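Here's a quick walk through a two-chain model, written for someone who likes to check things against the coordinates. Have the viewer open and follow along.

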Amino acid sequence: MVSDVTCEKLREIGAEMALGVLPGRERAAAAAHLDRCAACREYIEHMTLVGDGLIGLVPGSEPPLGFETRVARRLPQDVTAHEGEPHTRASDLAHKAVRSRARRVRLWVASAAAAFALACGFTGWAVGTAIESVTASSSPAVEIQTPLMEGELTSASGLGPSAGDIYAHPGDPGKPGWIYMTVDLAAVGTPYSGKVVCLLERTDGTTIRVGTFTLSNGRGDWGAAASVDPAALSGARLTASDGTVLATGDFETG
Amino acid sequence: MGADRIYKCAELPVPVSRLPDEALLSGLATGDPELAVTFVRRFQRAVFGVAIAVTGDRQLAEDIAQQTFERAWRHAQIYDSRRGSVTTWLTTIAHNLAIDAVRARRTEPVAPEDLDALLDVVTETPEQWALADEASSQLRAAVAQLPREQGRALVMAGIYGMTAQQIADWEKIPLGTAKTRIRTAMGKLRNTLASPDRGDHGQ
């Protein structure tokens, strides 16, 4: 039987819990409280970040010579075992990557994808796709650079310089393209939370619904495979689930 | 925001060794050996540092470091940059593995000379830390300002994974005092990181 934990008690033992040193019985009681108290969850999250930061202060130390080679060799080559991997063509990708090991990998598109992932949130699939599109290139001398389209989102309210960015890549021949968007409506005074819809606008005036994702306090990032025709694509629109336009953007080819 | 940086990156090919941390992490999914070696090389010092600090055993630390990278490879898709850097993510994995390994091996805590040495080193501010991010610098300064007994309790709990009871036994203090030292120290660090001039964690 786990005794009840109040918010006051949680604040007493929260530091130990966040550091992972709270004994089992107390931890169970605290966890039960956190399950029903958002304020204490937030408190513990902050404390956990402090604990993580403390670990980050530990000085580095060089491992034995050859460590990186030994580790890299043991990392499984069959990426189909990747748990929850959304990239369904991962195995094919791995084979291509291995075939390409002798040549210099030029990550042109990947660098752009990585940069926006770095700036706005992590999207493994998007960067992976971008890497694939470049590593599949057969010649290091001829660098095929499929145009990456990008656009800046503008808030429907017209406030602020930028509400985020949207990127569209048509993919290499035989491979699907993708869309990635990062949204920061909070920066323009619209801290909307809830489902939003991404629509692509075509030059003929029609729109295509690409998918939905969730914003939290106006922020979120999302990506999906999509058919991208640079010649027919003009812009994008982000709407709330009731159709209210939250932001729009026009594409430019990078 | 960030549009200039992205545009510049898009214009220039970037060698693997200069890829951002997040790109390298997701690149592990490709199975590309060059990416894997580059990834490990970039983070091995931080990962092994945590493992050796907690275990004090180079062979065990190497095993833990190896497990850390394998776990990162398997779970790369759950990494969330909003919760911290790739380095923080990896060192947290290494720390958890190291604590588990130490607890499985022995019950006694660390030697006191190791404890004080580690406390000294996490609070020193030599030139090599000058390039550390602002949050780390603030945290390091905050740890340095803690009363010694609070700093010791913090390192014992936060780095060596000792419970309040183990700290009380080691320091020969009442359990309540040990708990208070941990709580007070963590509270001070939290206030430091929550100061208004600090941005979100990891960004």
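How many helices and strands does chain A have? The count is seven helices and eight strands. Keep in mind that this is a predicted model.

## The two chains in numbers

Chain A runs to 254 residues, and 51% of them are buried. Take its contacts with a separation of 6 or more, and 61% turn out to be between residues 24 or more positions apart. Its accessible surface is about 11400 Å², with 52% of that belonging to carbon and sulfur atoms.

Chain B has 10 helices and zero strands, so reading from the N terminus you just get α-α-α-α-α-α-α-α-α-α. Here 53% of the 203 residues count as buried. For contacts between residues at least 6 apart in sequence, 61% join residues at least 24 apart. The accessible surface comes to about 9200 Å², and carbon and sulfur atoms own 51% of it.

## Nonpolar cores

In soluble globular proteins, nonpolar side chains tend to be buried together. In this model, the largest nonpolar core has 91 residues, and the members touching the most others are Phe39(B), Phe69(B), Leu90(B), Val143(B) and Ile182(B). Helix α3 of chain B (residues 33-55) is the top contributor to this core, giving 13 residues.

Which residues does Leu90(B) touch, leaving aside those up to four places away in sequence? The list is Phe39(B), Phe43(B), Val47(B), Thr68(B), Phe69(B) and Ala72(B). Apart from the largest core there's another one, of 24 residues, and it includes Ile166(A), Val196(A), Ala240(A) and Ala247(A).

## Helix α1 of chain A

Which residues of helix α1 of chain A (residues 7-18) are buried? They are Leu10(A), Ile13(A), Gly14(A), Ala15(A), Glu16(A), Met17(A) and Ala18(A). The cover over these buried residues comes from both chains: it includes α2 (24-34) and α3 (38-56) of chain A, together with α9 and α10 of chain B.

After α1(A) comes Gly20(A), with a positive phi near 75 degrees.

## α9 and α10 of chain B

Those two chain B helices also meet each other. The axes of α9 (residues 164-171) and α10 (residues 175-193) of chain B come within 8 Å and cross at roughly 115 degrees. That angle is why α9(B) and α10(B) count as roughly perpendicular, a label that covers 65 to 115 degrees. The crossing of α9(B) past α10(B) is right-handed. On the α9(B) side, the contact is made by Ala164(B), Gln165(B), Ile167(B), Ala168(B) and Glu171(B), while α10(B) brings Leu175(B), Ala178(B), Lys179(B), Arg181(B) and Ile182(B).

In the loop between these helices sits Lys172(B). Most residues other than glycine have a negative phi. Lys172(B), though not a glycine, has a positive phi of about 60 degrees. Is Lys172(B) buried or exposed? Its relative accessibility is 73%, over the 50% cut-off, so Lys172(B) counts as exposed.

## A buried glycine

Gly27(B) belongs to helix α2 of chain B (residues 21-27). With a relative accessible area of 0%, Gly27(B) is buried, because the cut-off for that label is under 20%. Where's Val16(B) relative to Gly27(B)? The two are 11 residues apart in sequence, and 9.8 Å apart in space, C-alpha to C-alpha.

Methods
Residues numbered from 1 in each chain as written. Chains lettered and ligands numbered in written order. Predicted model: local features only at pLDDT ≥ 70, side-chain atom pairs only at ≥ 80, totals over all residues. Heavy atoms only, no water. Helix = DSSP H or I, 4+ residues; strand = E, 2+ residues; numbered from the N terminus. Buried < 20%, exposed > 50% of the residue type's maximum accessible area, 1.4 Å probe, protein only. Contact = heavy atoms within 4.5 Å. Areas by Shrake-Rupley, 256 points an atom, 1.4 Å probe, with all protein chains shown as cover. Core = buried A, V, L, I, M, F, W, Y, C linked by side-chain atoms within 4.5 Å. Axes fitted to C-alpha atoms, helices over the stretch in contact; angles between N-to-C directions. Parallel < 35°, antiparallel > 145°, perpendicular 65-115°, else oblique. Left-handed = near helix turned anticlockwise from the far one by under 90°.
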